[in-house]
Amino acid sequence: MNKPRIVILGAGYAGLITAVKLKKELGYNEAEITLVNKHQYHYQTTWLHEPAAGTMDPERTRVDIKSVLDTNRVQFVKDIVIEIKKDEKKVILEKSELEYDYLVVALGSEPETFGVPGVFEHAFSKWTVNGARQVKDHIDYMFSKYNNEDQKRDELLTFVVAGAGFTGIEFIGELSERVPNLCKKYDVPQEKVKMYVIEAAPTALPGFDPELVEYAMNLLESRGVEFKINCPIKEVIEGGVILADGDEIKSETVVWATGVRGSSIIEKSGFEAMRGRVKVQSDLRAPEHDDVFIIGDCALIINEEINRPYPPTAQIALQQGEVCARNIKALIKGGELESFKPDIKGTVASLGGGEAIGLVYGKKIYGNSASFMKKMIDNRSLYILGGPGLVMKKGKSPF
Ligand code: FAD
């Protein structure tokens, strides 16, 4: 009998952990496992605000997939997924095609623009390793350009972050911490630098504990960040943003961080979705497609306590990857399929410079202890993916 073919799309948190766990759950002769990813490396998406602001070497976020995966057991294909032909049980890649018996879709997310024009043309919106490199290089260039032009243009030193959610706050935390060094390096008076965080919702970090939000805002304001809350952006234009009230902020650097939608491959492949996310069954399979698991940022699951979707997080993606691997094993070897229930241990947002805020096991934490916890969480995800060796190689010192 032919071995069942399992194809996993995406080597982010969800896809890579599925591959790592499947290798452990299934014997050599029990399945043929293939992992497809557009790069030969996995990256720690949750760290990308640091290289984007220039406070971390982007290399540090990359993990060579072959260093954490037994490629004798899991075949790795470096290619780009173009479309899933679910009725033909095959995946179209840029350079080839793959047939499957079981498919795991873990292609992550893309920026959500909410229909605001100009985002892709004039803002930095790619939260990837190369996207982070581009933002960092651009910021440095703005500082060097400012002093090299005869006419001093304020927009070169005005930095706009769209969105005061986790990503926007973590990015401005790093940037605001780095600004004094940038000013020193490029001989720029610090009062010339303007940093704005613009948020459409009535609060920064919507849904987060108000006391922690206040702590974060006060700290960031003390570093020169100006918040514009309840203030939707109408358009991103060349050289700035236009706000809903008609005001314009001139800026040569707009960083888009208003949230994400699931990979466009989901809708292109005909799955019913809300903002690119498929409302999966409790066993993580797509409705009416018993051979397709959808996990990570491509999956939508409802928090029944508040009847709203869980926000897409690495924490949930990793947990889904583990359940997905066990459920595929159950389909192949027999047994009950597990229902997925997120086990939310907490949430911690870094604010740069050894500062953070968080809610861990229901307890509020601030400052250095929160920053310590954040680094432990970052190291934990490395541990889950690649064991102690990966933590030694790429991990963060908690002190
Ligand atoms: P990803 O980790 O994005 O992985 C998707 C993979 O698919 C990538 O390797 C990508 O290259 C690959 N891929 C995509 N399209 C294709 C294609 N067409 N062909 C081939 N390969 C493809 N979450 C937390 O829990 N805590 C945090 O503190 C936190 N902080 C964050 C900070 C930032 C700056 C950002 C951007 C996100 C943060 N998140 C955080 C959210 C978290 O990173 C995501 O929820 C998580 O990465 C989702 O995992 P995933 O496996 O679904 O997707």
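This note goes through a predicted model in numbered points, from strands and helices to cores and single residues.

1. **Strands 12 and 13.** Strand 12, residues 194–198, and strand 13, residues 225–228, run parallel and are joined by 4 bridges. Within this pairing, Tyr196 stands opposite Glu226 in strand 13. To pass from strand 12 to strand 13 the chain goes through helix 7, residues 210–222, and the resulting β-α-β crossover is right-handed.

2. **The two faces of strand 13.** In a regular strand, side chains alternate between the two faces of the sheet. Strand 13 can be read in this way: Val225 and Phe227 form its covered face, whereas Glu226 and Lys228 form the uncovered one. The student may find it useful to locate Glu226 first, as this residue of the uncovered face is also the one that stands opposite Tyr196.

3. **A sheet of three strands.** Strands 14, 15 and 16 make up an open sheet in the order 14-15-16, with antiparallel pairing. Strand 14 (233–237) and strand 16 (248–250) are the edge strands, each pairing on one side only. From one strand to the next, the twist averages 15°. Between strand 15, residues 240–243, and strand 16 there are 3 bridges in the antiparallel sense. Here Gly240 stands opposite Lys250 in strand 16.

4. **Helix 1 against helix 10.** Two packed helices are described by the angle between their axes and the distance between the axes. For helix 1 (residues 13–25) and helix 10 (residues 367–394), the axes come within 9 Å and cross at roughly 35°. The residues that meet are Tyr13, Leu16, Ile17 and Val20 from helix 1, and Ser381, Ile384 and Leu385 from helix 10. By class, this contact has 6 nonpolar residues, 1 polar residue and no charged residues.

5. **The nonpolar cores.** In soluble globular proteins, nonpolar side chains tend to be buried together. The largest nonpolar core of this model has 65 residues, and Ile6, Leu35, Leu103 and Ile294 have the most contacts inside it. Helix 9, residues 314–333, gives the most to this core, with 8 residues. A second, separate core has 45 residues, among them Leu157, Val161, Ala164 and Val179.

6. **Leu103 in detail.** Which residues does Leu103 touch, not counting those up to four places away in sequence? They are Val7, Leu9, Ile84, Val91, Asp291, Val292 and Phe293.

7. **Gly367.** This residue lies in helix 10. Gly367 counts as buried because its relative accessibility is 6%, and the cut-off for buried is under 20%. Leaving aside neighbours within four places in sequence, Gly367 is in contact with Tyr215, Gly354, Glu355 and Ala356. Its C-alpha atom is separated by 35 Å from that of Asn147, a residue 220 places away along the chain.

8. **Two residues with positive phi.** Arg275 has a phi near 45°, a positive value in a residue other than glycine. It is placed in the loop between helix 8 (264–268) and strand 19 (278–279). Asn307, likewise not a glycine, has a positive phi of about 55°. Asn307 is found in the loop between strand 23 (302–303) and strand 24 (308–309). Are these residues buried or exposed? Arg275 counts as partly exposed because its relative accessibility is 40%; Asn307, at 61%, counts as exposed, since the cut-off for exposed is over 50%.

Conventions. Residues numbered from 1 in each chain as written. Predicted model: local features only at pLDDT ≥ 70, side-chain atom pairs only at ≥ 80, totals over all residues. Heavy atoms only, no water. Buried < 20%, exposed > 50% of the residue type's maximum accessible area, 1.4 Å probe, protein only. Pairing = 2+ DSSP bridges. Right-handed = clockwise from strand over helix to strand, strands pointing away. Axes fitted to C-alpha atoms, helices over the stretch in contact; angles between N-to-C directions. Contact = heavy atoms within 4.5 Å. Nonpolar A, V, L, I, M, F, W, Y, C, P; charged D, E, K, R; others polar. Core = buried A, V, L, I, M, F, W, Y, C linked by side-chain atoms within 4.5 Å.
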